[in-house]
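Good morning, colleagues. I would like to take you through one model this morning, beginning with a single residue and moving on to the packing of helices. Please have the structure open as I speak.

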Amino acid sequence: MSTTDARMDGRAWGVLFVLCGAIFLEGIDVAMLNVALPSIRADLGLSTGMLSGLVSAYVLGYGGFMLLGGRAADLLGRRRMFLLWLTVFCLFSGLGGLATEGWMLLVARFVTGVAAAFMAPAGLALLTGAFPEGPLRTRALGVYAGTAAGGFSLGLVAGGLLASLGWRWVFFAPVIMSAVILAAAIPLVKDTDAAGERQGGFDLPGAFAITGAMLLLVYGVVRLEHPSRGPGLTAAVLAAGLALLAAFALIERRAADPLVRPGILRSGTLVRTNAAALLFIGAFGGFQFLLTLYLQEVRGWSTLETGLAMLVIAIDTVLAPTLTPRLVNRYGNVRVLFGGLVLAAVAYALFWPVGADWTYAAMLPSLIVLGLAFSLAYGPLTMAAVEGVPEEEHGLASGLLYTAIQFGTALGLSAVTAVNVAALGSGTALEAIRAALVVPLAAAVLAAVITAFGLRTRPAPAPVAAPVAVPDPEVVR
């Protein structure tokens, strides 16, 4: 691969294909499952709680083990972790397709989420090392960001088609895809971190503390969707999670080889980026859930029609790898990110007055603006996540960002669900959706405000920070 210009040779494109394939797989896997949930319920006779648990189990596995996965990539080898957990992803997706009981699906989805938590940071750290900082890395990130978004958008449509053949194909299709990616990855992907860079031990007490904290906090946030169901237990789970988080902070201050180096959190850019990511992705996750409720429950659209309606948001699949890198090189990462966040707030505001008889043409401006928002924010958000972070800690930086993403997804869905359920008690389904739309709008505005503090820093010229990809922001409950 050439490191002197912005051209990539055949091997470089092959490596990019493999890494993009992995994030595409993760996105399409989640999207297809969400569309197939009604078919799964009808076939296995699952309760609403069990059905919701299929989504929550993946989020728990993903969010709970993300930081551990990022550190494992740095210490144990990025290629090794990528290949190992891609294999686990493949196997347990297949087991999900063979499930005959709800608990079997729960186990399969949890382990698949754990696999993604280890695989994604390793894959993105490999991308960081495979493409040198500057135009090559910017181009690679643009292709990667577009592929990640396209995985979810196409997954909605593919899920509808596969579910019509049988919901088990929603699990078997990722098996075939992951097997192809794995076969290509073995000869193409090489470790990008030298063995000498893997110094230090593994902070097991810190790993257990943070994993337990993440599992409890994500579970507590998921429980907030139905605040009337055991509020005491929900409060206890959240309190236990916060206690473990405090214990983790104490452990890291005293550990010889901390899982999360305390100094990494002193970076204003890193903190702002993770906060913006949590709010931006949480806003979108909540909005998409409300949009699904509106189209299917208020308007009576089918799952396939709903997926096709949302397909316009995938405009970022084209714009992210073409337009966004040029804007970043010209105006700087933070300014482009800020523009994307502002557009997201505009999109939610445009959809706020939604009516019971809105035509698709009336919805289209909001969806197009949202697609433009993702085009501008998605790639720059991932670039900023490791700005100023040493190369050997990019796996850790990936884990921090992914943890923010998963918390954002869980928190956004839980917040809009809680508001929607509360509003249903005194109004119609449409009025409840409008009330809940305040959540994504407020979150997007807050994300823009937080990012605006970074505008005071003068942007660097053409070179761009290393990418850390967002794995799957667009989750539909």
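**Ala145 and its surroundings**

Apart from neighbours within four places in sequence, Ala145 is in contact (heavy atoms within 4.5 Å) with Ala320, Tyr378 and Gly379. This is a predicted model, in which local features need pLDDT of at least 70 and side-chain atom pairs count only at pLDDT 80 or more, while totals for chains, interfaces and linings use all residues. Residues are numbered from 1 along each chain as its sequence is written, and side-chain values use heavy atoms, with hydrogens and water left out.

Ala145 belongs to helix H6 (residues 135–165); helices here are DSSP runs of H or I with at least four residues, numbered from the N terminus. Is Ala145 buried or exposed? Its relative accessible area is 4%, so Ala145 is buried; the term means under 20% relative accessible area, against over 50% for exposed and in between for partly exposed, with a 1.4 Å probe and protein chains only. From C-alpha to C-alpha, Ala145 and Phe65 are 23 Å apart in space, and in sequence they are 80 residues apart.

A second buried residue is Thr273, in helix H10 (residues 268–298), where the relative accessibility is 4%. Not counting residues up to four places away in sequence, Thr273 touches Leu381, Ala384 and Ala385.

**Pairs of helices**

Let me turn to packing. Two packed helices are described by the angle between their axes and the distance between the axes. The axes are lines fitted to C-alpha atoms, for helices over the stretch in contact, and angles run from 0 to 180 degrees between N-to-C directions.

H10 packs with H16 (residues 429–436) at an angle of about 170 degrees, the axes being 10 Å apart. The two are therefore roughly antiparallel, H10 to H16, a term for angles over 145 degrees. Which residues of H10 meet H16? They are Leu290, Leu293, Tyr294 and Val298, and on the side of H16 they meet Ala429, Leu430, Ile433 and Ala436. The residues of this contact divide into 8 nonpolar, no polar and no charged. Here Ala, Val, Leu, Ile, Met, Phe, Trp, Tyr, Cys and Pro count as nonpolar, Asp, Glu, Lys and Arg as charged, and the others, Gly among them, as polar.

Helix H1 (residues 10–44) and helix H7 (residues 169–188) also pack at about 170 degrees, with axes 9 Å apart. That makes H1 roughly antiparallel to H7. Their crossing is left-handed, meaning that the near helix is turned anticlockwise from the far one by less than a right angle. The contact of H1 with H7 holds 20 nonpolar, 3 polar and 2 charged residues.

For helix H4 (residues 78–97) and helix H5 (residues 102–130), the axes come within 8 Å and cross at roughly 155 degrees. H4 and H5 are therefore roughly antiparallel, and their crossing is left-handed. This contact divides into 18 nonpolar, 4 polar and 2 charged residues.

**Helix lengths and burial**

H5 is mostly covered, with 23 of its 29 residues buried. Those 29 residues should span 42 Å at 1.5 Å a residue (1.5 Å times one less than the number of residues), and the end C-alpha atoms are 41 Å apart, which agrees.

Finally, helix H17 (residues 438–452) has 15 residues that should span 21 Å, and its end C-alpha atoms are 21 Å apart, in agreement. Its buried residues include Pro440, Leu441 and Ile450. Among the elements that cover them are H10 and H16.

Key:
Angles under 35 degrees count as roughly parallel, over 145 as roughly antiparallel, 65 to 115 as roughly perpendicular and the rest as oblique.
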